[in-house]
Amino acid sequence: MKNTFYITTPIYYPSGRFHIGTAYTTVLADSMKRYHKLKGKETYMLTGTDEHGQKIQEKAQEQGKTPKEYVDEMARLAKELWKKMDIQYDDFIQTTEERHEKIVQKIFDKFMEQGDIYKGEYEGWYCVPCETYFTQTQLVNGKCPDCGREVKLMKEEAYFFNMKKYADRLLEYYEKNPEFIKPEYRKTEMINNFIKPGLEDLCVTRTNFDWGIKVLKDPKHVIYVWVDALTNYLTALGYMSDDDTLFKKYWPADLQIVGKDIARFHLIYWPIFLMALDLPLPKTILVHNWIMMKDGKMSKSKGNVIYPETLIDRYGLDATKYYLLREVPANQDGIFSPEAFIERYNFDLCNDLSNLLNRTVSMVNKYFDGKVPEYVGTPNDVDKEIEEFTKNQISEFENKWNNYEIALSIQEIWNLVSRTNKYIDETMPWTLAKENQNQKLKSCIYHLIENLRRIAILIKPFMDQTAENILRQIGVDQEVLETWESLKEYTKLKNLTVISKGEPIFMRLNPEEEIEFLKESMRNN
Ligand code: MSP
């Protein structure tokens, strides 16, 4: 079995500061990468910036910069944020890099030579901010169906990609590869909304601006930004270049993550381009929903924008990632609200997780002088049950995570946290100590430590610092006890000493103050 895992995020438009919604895709990709790395795969994660197009040319002009100066500055800001968020990407591609531009030209040439691209004339309604043409029927009240802004009627000589030719092959591929699109309802949307009504050929060049990659054989045309952008997933690996080692090693991608707004480009055009290049398709394209605010999309004009830095600086990186991943379900958008954020912090992280750790560490100190007892079997009635329950929760977590139901899979971990807290109340270790029921007491403490160890491993992909902190406090310092593989172990802990005074990993927040802080920050953004 292939032991590599290639994962990509969309490459971002360099249009300003990233809010928590835009950061979501990358947080998700990073967590997936860490998960597969923990499971022993050789992982490679790609991200970057999508730097061509009219919109960028205009933005740079507004700021009195050359487009290249503008995009380089934006790429720098993106890298700064990813550093703050501890995103472990392996490569950051900018589409204005030579390694990308040269290959895009080669790819375009190849399409022309094969007859997939032909010359024609295009007339349509063009939305400048979205860089997309629409037909009359696609317009909503005469405006752009995506962003609602004004569109212009434009006509130009242009090249077209023959999408129609590939429509049947694409449908057949969808049918034969149920893993290709996740969640499955996105596939149905593509078929019903775009493929069944008849795929239109795609206009793949522009002549009304020049901030783009030129068609080698006809340089008054620049290559449509989506043809340019999508191929980054190949060019970053050195496809068609002098050194294609990475490409040979990692292609096809194992997981490509995209937000719902760019599903059509990734689920229709992208696989068709790959078919035309005679390349295998990615194993899975995961389409995620959005993070919204109570009053809709985040926007400066509404005064409802929240930036990742605000959350990280005040509540920490792990709490921020926990909220983002926990709050976006696979079947609908997630909502950010200050109230819900603080509630999750206080309940899930502080009351549930942090308290479980604190109670356990203090009992090991109180009853066993800090030394964790060894496994003594299951003398309490509920010991067997908690062992079974934990085993089940781990497989529930894995099933859901592997099926990309991330929010639900994290909920499974928190079910385990709650169940383990309840186990303390059921076994009543303080009574066992009073009654000198030593075996039972040892068993209870052992099970608590073992569950904390497993919870720490389960949260590692998205709450790395917290996981490390838990393991340190319960005295786990052997690598073999920190691996994914070791989740299967339940009886092997020996010679562990917990720290002498537990340190709370999350401290209860004052809800009124913090909600006000977040609201204020949204108003000021
Ligand atoms: N440049 C294109 C992608 C080209 S990929 C070959 C693009 N860039 S983007 O900057 O506009 O968006 C980047 C990612 O952020 C997309 O996956 C988009 O769906 C995601 N999000 C933007 N706002 C979001 C939320 N509010 N919530 C979750 N994801 C969001 O599209």
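**Entry 1. Strand pairing.** I looked up the partner of Tyr126 and found that Tyr126 stands opposite Tyr133 in β5. I note here that the model is predicted. I then examined the two strands: β4, residues 117-127, pairs with β5 in the antiparallel sense over 3 bridges. I recall that strands of a sheet pair through backbone hydrogen bonds, either parallel or antiparallel.

I followed the sheet outward from this pair. It is an open sheet of 4 strands, in the order β5-β4-β6-β8, with antiparallel pairing. Which strands stand at the edges? I found β5 (132-134) and β8 (202-203) there; each has a single partner strand, so one side of each is left without a neighbour in the sheet.

**Entry 2. Ligand contacts.** I listed the residues that surround the ligand and obtained 22, the closest being Ile11, Asp50, Gly259, Asp261 and Ile291. By class, I record 11 nonpolar, 9 polar and 2 charged residues in this shell.

I next checked polar atoms at the ligand. A polar backbone atom of Ile11 lies 2.8 Å from a nitrogen atom of the ligand. For Gly21, I read 3.0 Å between a polar backbone atom and a nitrogen atom of the ligand. At Asp261, a polar side-chain atom is 2.5 Å from an oxygen atom of the ligand. I also looked up the cover: of the 670 Å² of accessible area that the ligand has on its own, the protein covers 94%. Two or more residues of the shell come from each of α1 (20-38), α7 (225-230) and α8 (232-235).

**Entry 3. Helix α1.** I tested the length of α1 against expectation. At 1.5 Å a residue, its 19 residues should span 27 Å, and the end C-alpha atoms are 26 Å apart, which agrees. Is α1 enclosed or open to the outside? I count 16 of its 19 residues as buried, so α1 is largely enclosed by the rest of the structure. After α1 comes Gly40, and I note its positive phi, near 95 degrees.

**Entry 4. Glu80.** I located Glu80 in helix α3, residues 67-84. Its relative accessibility is 46%, and Glu80 therefore counts as partly exposed, the class between 20% and 50%. I found a polar contact of 2.8 Å between the side chains of Glu80 and Arg76. An α-helix has 3.6 residues a turn, so residues three or four places apart point the same way. Finally, I compared Glu80 with Met522: they are 442 residues apart in sequence and 22 Å apart in space, C-alpha to C-alpha.

How values were computed. Residues numbered from 1 in each chain as written. Predicted model: local features only at pLDDT ≥ 70, side-chain atom pairs only at ≥ 80, totals over all residues. Heavy atoms only, no water. Near = heavy atom within 4 Å. Polar contact = N/O pair within 3.5 Å; in protein donor to acceptor, adjacent residues only side chain to side chain. Areas by Shrake-Rupley, 256 points an atom, 1.4 Å probe, with all protein chains shown as cover. Nonpolar A, V, L, I, M, F, W, Y, C, P; charged D, E, K, R; others polar. Expected span 1.5 Å × (residues − 1). Buried < 20%, exposed > 50% of the residue type's maximum accessible area, 1.4 Å probe, protein only. Pairing = 2+ DSSP bridges.
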